[in-house]
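Biologist: Could you take me through one part of this model up close? I'd like a connected tour rather than a list.

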Amino acid sequence: MLAKRIIPCLDVKDGRVVKGVKFLNLQDAGDPVEVAKKYEEEGADEVVFLDITASHEKRNIILDVVKRTAEMVFMPLTVGGGIRTIEDIRNLLASGADKISLNTAAVNNPDLISEGAKHFGEQCIVVAIDAKKVTSHKLPVTSEKQKTEGNVGAIRESPKKWEVYIHGGRTPTGMDVVEWAKKVEGLGAGEILLTSMDCDGTKNGYDLELTRAVSEAVNIPVIASGGAGTLEHLYEAFKKGKADAVLAASIFHYREFTIRQAKEYIAKKGIPVRM
Amino acid sequence: MGNLRSIQKALEFLDYRAEVTDDKNKINGASAVVLPGVGAFPRAMEELKKRDLVETVKDGVSSGKPFLGICLGMQILFEESDEFGSSQGLGIVQGKVKRFSDKLKIPHMGWNEIELIKRPDFMEDFPKKSFMYFVHSYYCEPKDKKIILTKTSYGKNFVSSICRDNLIACQFHPEKSQKLGLEFLNNFGRLI
């Protein structure tokens, strides 16, 4: 049986690991290769490097980090952050990344998804979606059912909606998350990394409704991200959120729990994991 | 094809000398050949033809030296695949490559269990069941069931590796499957 995956995520800036809560208060915490190796020993199923290097001239540092990781770590490595072109994708894969994750560039240039999938295979194109709950009437309600009921624009009875954000969560796009997820699947994305901006950094748990809505709407694996604070949260993402994998940073990073502990907890509750 | 660096690094980690090449002479002169691959079946065949390597691969298998096909490198050994209509493969192994049912999440991505169906010498000490990393949307259906080395369950049981004389091929990625994956690769390497 296919195991549910637990994926630690490292924010990498200028070749070093940092973790900021809600993208602030960054704190240097070591060499990404060493940290990835530690996670591998603990039984992590994959690892994600999110490159948050801002300056353009330092962007090649990540390639060196990926190369060194590929020499030491023998599990799938996904790299995201700042990838804009086919050439960027090629360089990362050639350095030893197994998958690359597109976010802003996928929204600005959806062809990058299909081109990437065509060149390198769908399995290595992950689309990262930053989702924020829509509480107002920003996204009009236009389902067929509501149209016939004359409820166009109604908010009271509207189902939950989420909006896609880009530029590290700073820019709203007006796009509906579930629709965008379906679209990227059609374009050839192999996986969706779904981050709830509302939950990220809160440690109050994943946005289960969001995770479930996307997971049920697409036929590709969905990784839930944002909000993990306890082991129960990881379990809920699988059980209620229907996620195929969970991404977490700080609970593992600050050693609140080890990945082994997380897996034991989840396995005990009947979710298939690789021990 | 695909992530060649991973497989090279894994072999080097195990102290084998591994070279990524499309040079016929080097392939012919190697003591073992690994045919990796991720991506699309027809494109992989095109690339092999373009580089005039179809016969080289066939010779590699028939030469009797250890030959390992990984993922798409397993699939293109077969006669044909459903991918993009129907595509012809190398035909080194009789059988077809089929797509998983649309009722399942595709690709089949992540860690799944392989179970040994037979135990050839090179897998002597390998656990009967172990987790390996998979990423694929198509699976192989060999005609000769005797060559099946492991099976794996995804919706139904499928063939996750085969072994026929010097030819070994696996759908999973041993180079991405941590300790046991490296052990599988090392078992292959020890055939040299």
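Let's start with a side chain: which backbone nitrogen does the side chain of A:H233 reach? And please go on from there to the surroundings.

Modeller: Sure, and keep in mind that this is a predicted model. The side chain of A:H233 reaches the backbone nitrogen of A:G205, at 3.5 Å. A:G205 also turns up among the residues that A:H233 touches, together with A:K203, A:N204 and A:Y206, plus A:G227 and A:A228; that list leaves out anything up to four places away in sequence. A:H233 counts as buried because its relative accessibility is 11%, and the cut-off for buried is under 20%.

Now zoom out a bit. A:H233 sits in helix α9 of chain A, and that helix, residues 231–239, is the middle piece of a right-handed β-α-β unit with β10(A) and β11(A) as its strands. Those two strands, β10 at residues 222–225 and β11, pair in the parallel sense over three bridges, with A:I223 standing opposite A:A245 of β11(A).

β11(A) has another partner too: strand β1 of chain A, residues 5–13, runs parallel to β11(A) and is joined to it by four bridges. There, A:P8 is the residue opposite A:A248.

As for the side chains of β11 (residues 245–248), A:A245 and A:L247 point one way while A:V246 and A:A248 point the other, and all of them are buried. In a regular strand, side chains alternate between the two faces of the sheet.

Definitions and conventions:
Residues are numbered from 1 along each chain as its sequence is written. Chains are lettered from A and ligands numbered from 1 in the order in which they are written. This is a predicted model: local features need pLDDT of at least 70, side-chain atom pairs count only at pLDDT 80 or more; totals for chains, interfaces and linings use all residues. Side-chain values use heavy atoms; hydrogens and water are left out. Buried means under 20% relative accessible area, exposed over 50%, partly exposed in between (1.4 Å probe, protein chains only). Two strands pair if DSSP finds at least two bridges between them. A crossover is right-handed if, with the strands pointing away from the viewer, the path from the first strand over the helix to the second runs clockwise. A polar contact is a pair of N or O atoms within 3.5 Å; within protein, one must be able to donate a hydrogen and the other to accept it, and residues adjacent in sequence count only if both atoms are side-chain atoms. Contact means heavy atoms within 4.5 Å.
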